[in-house]
Every structure is written in C-alpha cells, then in structure tokens.
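The exercises below are meant to be worked through with the sequence and the model open side by side. Each one gives a task and then a solution in steps.

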Amino acid sequence: MLKIGIVLGSVREGRNGEAVAKWVLDFAKNRNDEGVEYELVDLANYNLPFLGAPLAEAQQADAQAAIKGWSEKMASFDGYIFVTPEYNHAVGGALKNALDFLNPEVNNKAAGFVGYGSLGGVRAHENLRLILGELQVADVRTAVTFSLMADFENFSVFKPAAYHADNANGMLDQVISWSRALKTVR
Ligand SMILES: Cc1cc2nc3c(=O)[nH]c(=O)nc-3n(C[C@H](O)[C@H](O)[C@H](O)COP(=O)(O)O)c2cc1C
C-alpha cells in the first residue's frame, strides 16, 4: 500500500485552506487509485511549539507529544500533497516551522503542491521547492494553482473552476509514480 499524506499548511482561524484540502482529499479518493491510500493531515491538530523556543515546564510534555505525533505521522507516508497558501510570497510560518522539525522522516519521498493565492500560490510553491530540496523530498513539476479571485467567491467561498482537474490528475499521477519509485531507494 502506498500512503500519501495531504498536508493542510494553514492554521489561521477562518482559513480558506480547509475547503481546499477537503477538495483535494475528495478528488484524490474519487480516482480510486489501486493500492494508494490518502489521508488528510491538518497542522492545526498538532499545536506544535516554535522550534527551539523555551517553554514553561507545564507546557513541555504537551509540546514533546505534539512534536512526536507530527514526526511519526509524517514518517508514516510515502509521499505528500502540500496544500499551501501564499503569505508574503512564501509558505506560511506554521508550515515552515512544522517542516523544520523533520528530516529523516521525509527523506527520499515525493511531493506535489496545491496552492491558493492571488496568483495561485505559485511563489509559495517555488519557496517550498527550496525547502524540500534540503529535506531530500522530490517535488513533482505539475501543481494545482487556485486563484483567490477566480476560484473563490468573495475571496472566501471555494468554487474551483473545472479545468483544475487536469492539473490535479497530472500532479497525483506524478506523485504516485515517484512515491513508488523512491520506495526502492529507502
Ligand atoms: C500574512 C499574509 C500575507 C499574505 N501574502 C500574500 C501574498 O504574498 N501573495 C498572495 O497571493 N496572497 C497573500 N495573502 C493572501 C492569502 O493567500 C489568502 O488570504 C489565503 O486565503 C490565506 O490562506 P488561509 O486562508 O488558508 O490562511 C496573504 C495573507 C496573509 C494573511
């Protein structure tokens, strides 16, 4: 079984990311890919501390449990779909911080991107490619890019245009293919 984690990279209250990630999960599941399992991983459920920040003694056990839960969950996958907004031409701080806790857990695995923003989150994608390069994650070329203006009503109600399905299929095909191939390297 190939396990692909769909990582929701925004924890902002009222985030658009939740509807986008749910769309990605439904889209992926509806493909009925043989031998592939998809799971949503919501960063907001982990309540990670900032990497290396000092914590009061009463908070330390919870923080350690959160880091362990996040690391083990990410280690359990063969590949990832990162659903990311664009904040100041990059991924959001929550996702960057979460990735900074990882390294061997994600090495020699594959990833694809689904972005959203005024230009479809493309600058967040390019930023993520740099980060994942250091983590030895092979990111695929095809990405899904939702426009805040064209794919959301009032910048907040997700109504994706039909044409995104082609890129979503292309991206998923590539992630599955590379995730399978990289299993042989690990
Ligand atoms: C701090 C901040 C910075 C942002 N910077 C950008 C940006 O550089 N480019 C862009 O296209 N959208 C930018 N946006 C708009 C976000 O992409 C948009 O609000 C999106 O819905 C955020 O994702 P979320 O709702 O899931 O948190 C920014 C939003 C915030 C909160």
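**Exercise 1: The shell around the ligand**

Task: Sort the residues of the shell around the ligand by class, and then name the closest of them.

Solution: In this predicted model, the shell around the ligand is made up of four nonpolar, seven polar and four charged residues. The next step is to go from classes to names: 15 residues surround the ligand, and the closest are Arg12, Asn16, Tyr87, Tyr116 and Ser118.

**Exercise 2: Polar contacts of the ligand**

Task: Find which atoms of Asn16, Glu86 and Tyr116 approach the ligand, using 3.5 Å as the limit for a pair of N or O atoms.

Solution: Begin with Tyr116, where a polar side-chain atom lies 2.6 Å from an oxygen atom of the ligand. At Asn16 the partner is instead a polar backbone atom, and it is 2.7 Å from an oxygen atom of the ligand. For Glu86, an N or O atom in the side chain is 2.9 Å from a nitrogen atom of the ligand. As a last step, consider the cover: on its own the ligand has 620 Å² of accessible area, of which the protein covers 74%.

**Exercise 3: Two pockets**

Task: Decide which pocket holds the ligand, and describe its lining and that of the largest pocket.

Solution: The ligand takes up the space of the second largest pocket, which holds about 180 Å³. Of the 14 residues that line this pocket, Pro85, Glu86, Tyr87, Tyr116 and Leu148 lie nearest its centre, and by class the lining has four nonpolar, six polar and four charged residues. Turning to the largest pocket, its space is about 210 Å³, and its lining includes Val11, Leu43, Phe50 and Asn97. That lining divides into seven nonpolar and three polar residues, with no charged ones.

Definitions and conventions: Residues numbered from 1 in each chain as written. Predicted model: local features only at pLDDT ≥ 70, side-chain atom pairs only at ≥ 80, totals over all residues. Heavy atoms only, no water. 1 Å grid on protein atoms, 1.4 Å probe; cavity = no way out; pocket = protein on both sides within 12 Å on 5 of 7 lines; lining within 4 Å. Points joined across faces, edges and corners; volume = space filled by probe spheres on them. Nonpolar A, V, L, I, M, F, W, Y, C, P; charged D, E, K, R; others polar. Near = heavy atom within 4 Å. Polar contact = N/O pair within 3.5 Å; in protein donor to acceptor, adjacent residues only side chain to side chain. Areas by Shrake-Rupley, 256 points an atom, 1.4 Å probe, with all protein chains shown as cover. Sits in = over half its atoms within 2 Å of the grid points.
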